[in-house]
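Subject: Handover of a structure and findings

Dear colleague,

Please find below the structure that I am handing over to you. My findings follow directly after it.

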Amino acid sequence: MKEKYTISIADVQLNVIADGNREQIERIVGIIDRRMREILLKSHQCPKTQAALLVALDLCADKLDAKAEIEALKEERGDTDEQ
């Protein structure tokens, strides 16, 4: 069931509606907040919007890498999606 949450990432407050429970949302927010703050600390000239885009690109790359690894493991085991 969708819930409304108020979150804060890099000192920007947002109201979001999400399926996850509070702990799951807090975990996700923590990951994004840490990555954004790391970028902002390394480059004081980087605006928050650019830092957010860099985090999004990084997280998408991580997801694609994980999917590729899962597919490679499935192939290695001989798993197929057909049932």
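A search of the whole structure, which is a predicted model, finds six salt bridges. Several of them are described below, together with the surroundings of the residues that take part.

Salt bridge within helix 1

Arginine 37 and aspartate 33 form a salt bridge, in which the closest N and O atoms are 3.0 Å apart. How are these two residues placed relative to each other in helix 1? They are separated by about one helical turn, because they lie four residues apart in that helix. Helix 1 itself covers residues 22-42. Arginine 37 has a relative accessibility of 34% and therefore counts as partly exposed. Aspartate 33, by contrast, has a relative accessibility of 16% and so counts as buried, the cut-off for that class being under 20%.

Surroundings of aspartate 33

Which residues does aspartate 33 touch, once its neighbours within four places in sequence are left aside? The contacts are with Ser8, Ile9 and Ala10. With alanine 10 there is also a short polar approach to report: a polar atom of the aspartate 33 side chain lies 2.5 Å from the backbone nitrogen of alanine 10.

The loop between strand 1 and strand 2

Alanine 10 belongs to the loop that runs between strand 1 (3-9) and strand 2 (12-18). Aspartate 11 is found in that loop as well. Is each of these residues buried or exposed? Alanine 10 counts as buried, because its relative accessibility is 2%. Aspartate 11, at 58% relative accessibility, counts as exposed. The backbone of this loop deserves a separate remark. Phi of alanine 10 is near 50 degrees, which is a positive value in a residue other than glycine. For aspartate 11, phi is near 65 degrees, again a positive value in a non-glycine residue.

Salt bridge between helix 1 and helix 2

Arginine 35 and aspartate 62 have side chains that meet in a salt bridge, at 3.1 Å from N to O. This pair links distant parts of the chain, with arginine 35 in helix 1 and aspartate 62 in helix 2 (residues 48-77), 27 residues apart. How accessible are the two partners? Arginine 35 counts as partly exposed, at 23% relative accessibility. Aspartate 62 is likewise classed as partly exposed, with a value of 33%.

Salt bridge within helix 2

In a further salt bridge, the side chains of glutamate 71 and lysine 74 meet at 4.0 Å, N to O. Because the two residues are three residues apart in helix 2, about one helical turn separates them. Glutamate 71 has a relative accessibility of 38% and therefore counts as partly exposed. Lysine 74 is also partly exposed, with a relative accessible area of 28%.

A shared network

Which residues are joined into one network by salt bridges that share partners? They are Asp11, Asp33 and Arg37. The network thus brings together residues already described: Asp11 lies in the loop between strand 1 and strand 2, while Asp33 is found in helix 1. When you view the structure, I would suggest starting from aspartate 33, which takes part in the salt bridge with arginine 37 and is also in contact with Ser8, Ile9 and Ala10.

With kind regards

How values were computed. Residues numbered from 1 in each chain as written. Predicted model: local features only at pLDDT ≥ 70, side-chain atom pairs only at ≥ 80, totals over all residues. Heavy atoms only, no water. Polar contact = N/O pair within 3.5 Å; in protein donor to acceptor, adjacent residues only side chain to side chain. Contact = heavy atoms within 4.5 Å. Buried < 20%, exposed > 50% of the residue type's maximum accessible area, 1.4 Å probe, protein only.
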